Amino acid sequence: GDREITFLLEEPDRDFLEKLSSPLLVPYKNDEVFNGPYEVVKRESGKRWYLKNNRYFNQGNLKRPDVEIVFASDDETAANLYEKGLIDFLWRVPAVDIPKFKSRPDFFQVPVSRLDYVGFNLRPGQPLNDKRLRKLLAESVDFEEFKNMFFALGRPGCPGLSDRFLVENPKHCQNFEVKSSDKVSTDLNDKIKTLTLNFYFSLLGGDDIQRQALWFQNQWKKNVGLKTHIKGLEQKFYFTELESHPPELFRKGVGLNRPSCLAALEVFKSDNHDNFTGFNSSKFDQIIRPLQRQRLSRSEQDIICGAATDFLFKEEYVGIPTGRVHFSMLLRPAFKNVKINEINQLDLSELKYEK
């Protein structure tokens, strides 16, 4: 029919409908036609975007206010703009500022389903190709201290997926174990003494990511005597390095492009472009294959998702998951119906302004 479209797939893809929900796949005719609640009026690259209400969207919400998007160079600048009344919505409050804002009526937190982790370079010839060293690094960081320092609401050391994909359970989490040097093999101790590992992170993540990198550096130095060199890079150069000259350690966040467990785990498949760890396991590919090919019950998905994350982080130690993420934000109370879903998509279709 006129309102029906048929897709023929070369192989089963259980996430196909979820993939179609991505904003990147919204159809359009040209730059003058918009399907969403707003039309882009003007762009000032790296400075501001101006949006006006699309009166044809959703039966024409004529009360929907126009929107101006302001780009800030860093979190501190953005927070200052908010405090001075120059912007009305601050989408990221740094962890260090949470105690200052958390009792205010304009402060709120949104749980987000994503997979943030400190990744290890497993490639042949790399120091962390030794699983004993990976396991030692994963078990030598104090997750409770991390939780308190960054005001985390989820448990660090656990995969950061929401309960809809993987019910939070300590059995899926890495644990901190204090190990004296006499409990570490002599050859591994000798190896650690000769190493200085590079640890890269993206500056796009803001001050919190840099503080996390420094925290891990301190933990490994204090608990196992490992030296690391930390380097923050602009996003473009960061990805170039991950693709061409991956460091031994890196901080990476996997924001889900669709609401499914597979969206988080597929980056560790041996043939995935974003598999920066170099992890290559036919067993892992086999574990997650049903998530792509079969119609599963909720409990079946949870079992497979749990088995896959356990294999990654508790058997192979491809990295250290940093736990469930809750984005902290500030919004003027006069603005109503701002919606942020679990994969961090902003919905302003029902936005209202009440004086």
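**Close-up 1. Strand β7, helix α7 and strand β8 make a right-handed β-α-β unit.** In this predicted model, the unit starts from β7, which covers residues 196-202, passes through helix α7, made of residues 207-224, and includes strand β8, which covers residues 227-233. The strands β7 and β8 run parallel, and seven bridges join them. One of the bridged positions is Phe199 of β7, whose partner in β8 is Ile230. Strands of a sheet, as a general rule, pair through backbone hydrogen bonds, and this pairing can be either parallel or antiparallel.

**Close-up 2. Strand β7 also pairs with strand β9.** Here the pairing is again in the parallel sense, and it extends over two bridges between β7 and β9, the latter being residues 249-255. Phe199 stands opposite Leu249 in β9, while the bridge partner of Tyr200 in β9 is Phe250. Why is β7 largely enclosed by the rest of the structure? Five of its seven residues are buried, and therefore the strand is largely enclosed; buried here means that a residue has under 20% relative accessible area.

**Close-up 3. Five strands form an open sheet that includes β7, β8 and β9.** The order of the strands across this sheet is β8-β7-β9-β6-β10, and their pairing is mixed. The edges are formed by β8 and by β10, which covers residues 319-321, and each of these two strands pairs on one side only. On average, and with direction ignored, neighbouring strands of this sheet are turned by 25° against each other.

**Close-up 4. An open sheet of three strands is formed by β1, β2 and β3.** These strands follow one another in the order β1-β2-β3, and their pairing is antiparallel. The edge strands, each of which pairs on one side only, are β1 with residues 38-44 and β3 with residues 67-70. Neighbouring strands of this sheet are turned by 20° against each other on average, if direction is ignored. Between β2, which covers residues 48-53, and β3 there are four bridges, and the two strands run antiparallel. Within this pairing, Tyr50 has Glu68 in β3 as its bridge partner.

**Close-up 5. The second largest pocket has a volume of about 240 Å³.** Its lining consists of 15 residues, and those that lie nearest the centre of the pocket are Asp15, Glu18, Pro259, Ser260 and Gln301. The elements that give two or more residues to this lining are α9, which covers 261-265, and α11, which covers 298-315. When the lining residues of this pocket are divided by class, six are nonpolar, three are polar and six are charged.

**Close-up 6. The largest cavity holds about 50 Å³ of space.** How many cavities of 30 Å³ or more does the structure hold? There is one cavity of 30 Å³ or more in the structure. The residues that line the largest cavity are Cys158, Pro159, Leu161, Leu166, Val167, Glu168, Asn169, His172, Cys173 and Arg324. By class, this lining has six nonpolar residues, together with two polar and two charged ones.

Methods. Residues numbered from 1 in each chain as written. Predicted model: local features only at pLDDT ≥ 70, side-chain atom pairs only at ≥ 80, totals over all residues. Heavy atoms only, no water. Buried < 20%, exposed > 50% of the residue type's maximum accessible area, 1.4 Å probe, protein only. Pairing = 2+ DSSP bridges. Right-handed = clockwise from strand over helix to strand, strands pointing away. 1 Å grid on protein atoms, 1.4 Å probe; cavity = no way out; pocket = protein on both sides within 12 Å on 5 of 7 lines; lining within 4 Å. Points joined across faces, edges and corners; volume = space filled by probe spheres on them. Nonpolar A, V, L, I, M, F, W, Y, C, P; charged D, E, K, R; others polar. Axes fitted to C-alpha atoms, helices over the stretch in contact; angles between N-to-C directions.
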